[in-house]
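Work through the following exercises with the model open beside the text, and try each task before reading its solution.

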Amino acid sequence: MAAKAGAAAFMFVLFLVSVACQAQLSPTFYDTSCPTATSTIRRAIRSAIASDRRMAASLIRLHFHDCFVQGCDASILLDETSSIQSEKTALGNMNSARGYNVIENAKTEVEKICPGVVSCADIIAVAARDASAYVGGPSYAVKLGRRDSTTASRTLANAELPAFFEDLESLISRFQKKGLTARDMVALSGSHTLGQAQCFTFRERIYNHSNVDAGFASTRRRRCPRVGSDSTLAPLDLVTPNSFDNNYFKNLMQNKGLLQSDQVLFNGGSTDSIVSEYSRNPAKFSSDFGSAMIKMGDIGLLTGSSGQIRRICSAVN
Ligand code: HEM
Ligand SMILES: *[C@@H]1O[C@H](CO)[C@@H](O)[C@H](O)[C@H]1NC(C)=O
């Protein structure tokens, strides 16, 4: 009886250990199977950003939009087929997400040296890190060993990606559902120190909101009329859109957040103190951003023998 219970307990512990191991990513995952994987990816990413600086922003966002839908499984890269609902045409991605080809090119280079070894999901995660580092943001030890999905879901993408018009409570709860705190969310939103947004995403804010700096609103209205020019771009960080710094937080404290979802982070609510901390302490922002990216990279993983290593990122094998 006791021996049986002991054996059962032992098996249970083994089970727990195997579950834990399966879910475990590691920065050294490819060290023996493909030692030049990360340097090969880095070369491809650097060359893409060198010819299009905005690509740094786009690659960071791509990782976010991958991880929030079915987990970090490269589902965002799959094209539409009779059995795949592509996420590329979801509300938050269509005519907006960029960098698919940059990831595909990096994958092509990696396939040349170690075919069938490195997942597209890991390439996105490494690309986001390399993008951050290239434009002055933190570098951090990306964990690796993710596998690629064999499915995608436009329905989930529509439901789970946050929208620019959401309020603070709603944003906090979205991140909480993914295991991320309000502090993680503020740090990650700090990547709006980079990149561009389309007129339709900030029109309401520059015409109808009261918590917006008047001079800032009037400048933005010049290229974003009440009607039309929906896709005309404006920088998310009005001061330094091409370098990773903490000006985004300083902007928020002056009511110069471009999106409603930016300004709600500093509008008398629970995250004000975090915004003000990051505006005073760029080093803290930088290190928290790195930690939050690592945490985001852990969402909903396929590991072990789940999923597959795609041969090309836009289609399942
Ligand atoms: C808190 C909720 C968030 C909302 C509502 C939001 C919304 C948006 C919107 C509306 C745009 C402009 C898209 C366009 O006009 O085409 C944008 C751009 C961007 N977002 Fe977010 N975002 C959020 C959080 C994040 C997070 C967590 C990250 C990364 C970790 C991120 C990274 C970026 C970057 C880098 C850009 C610029 C992309 C480019 O220029 O290609 N965002 N976001
Ligand atoms: C702003 O509010 C007015 C009055 O509610 C509304 O008619 C208009 O469509 C809103 N948006 C913009 C961009 O003016």
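**Exercise 1. Determine which side chain offers an N or O atom 2.5 Å from an oxygen atom of ligand 2, and describe the surroundings of that ligand.**

Solution. The side chain is that of R226, with an N or O atom 2.5 Å from an oxygen atom of ligand 2; a polar contact here is a pair of N or O atoms within 3.5 Å, where pairs within protein also need one atom able to donate a hydrogen and the other to accept it, and residues adjacent in sequence count only if both atoms are side-chain atoms. Of the 350 Å² of accessible area that ligand 2 has on its own, the protein covers 42% (Shrake-Rupley method, 1.4 Å probe; for residues, only the protein chains shown count as cover). Next, list the surrounding residues, which are R203, E204, Y207, N208 and R226 (near means a heavy atom within 4 Å). Among them, N208 has a side-chain N or O atom 2.4 Å from an oxygen atom of the ligand, while E204 has one 3.2 Å from a nitrogen atom of ligand 2.

The model is predicted, so local features need pLDDT of at least 70 and side-chain atom pairs count only at pLDDT 80 or more, whereas totals for chains, interfaces and linings use all residues. Residues are numbered from 1 along each chain as its sequence is written, chains are lettered from A and ligands numbered from 1 in the order in which they are written, and side-chain values use heavy atoms, with hydrogens and water left out.

**Exercise 2. Find which protein atom is the donor to the iron atom of ligand 1, and place its residue in the fold.**

Solution. The single donor from the protein is NE2 of H192, 2.1 Å from the iron atom (donors are N, O and S atoms within 2.8 Å of the metal, or 3.2 Å for Na, K and Ca; water is not among the atoms, so sites may look incomplete). H192 belongs to the loop between α8 (182-189) and β1 (196-198) (helices are DSSP runs of H or I with at least four residues, strands runs of E with at least two, numbered from the N terminus). Turning to oxygen atoms of ligand 1, one is 2.7 Å from a side-chain N or O atom of R54, and the side chain of Q198 likewise has an N or O atom 2.7 Å from an oxygen atom of this ligand.

**Exercise 3. Is A74 buried or exposed, and where does this residue lie?**

Solution. A74 counts as buried because its relative accessibility is 0% (buried is under 20%, exposed over 50%, partly exposed in between, with a 1.4 Å probe and protein chains only). A74 lies in the loop between α3 and α4 (100-113), and its phi is positive, near 60 degrees, in a residue other than glycine.
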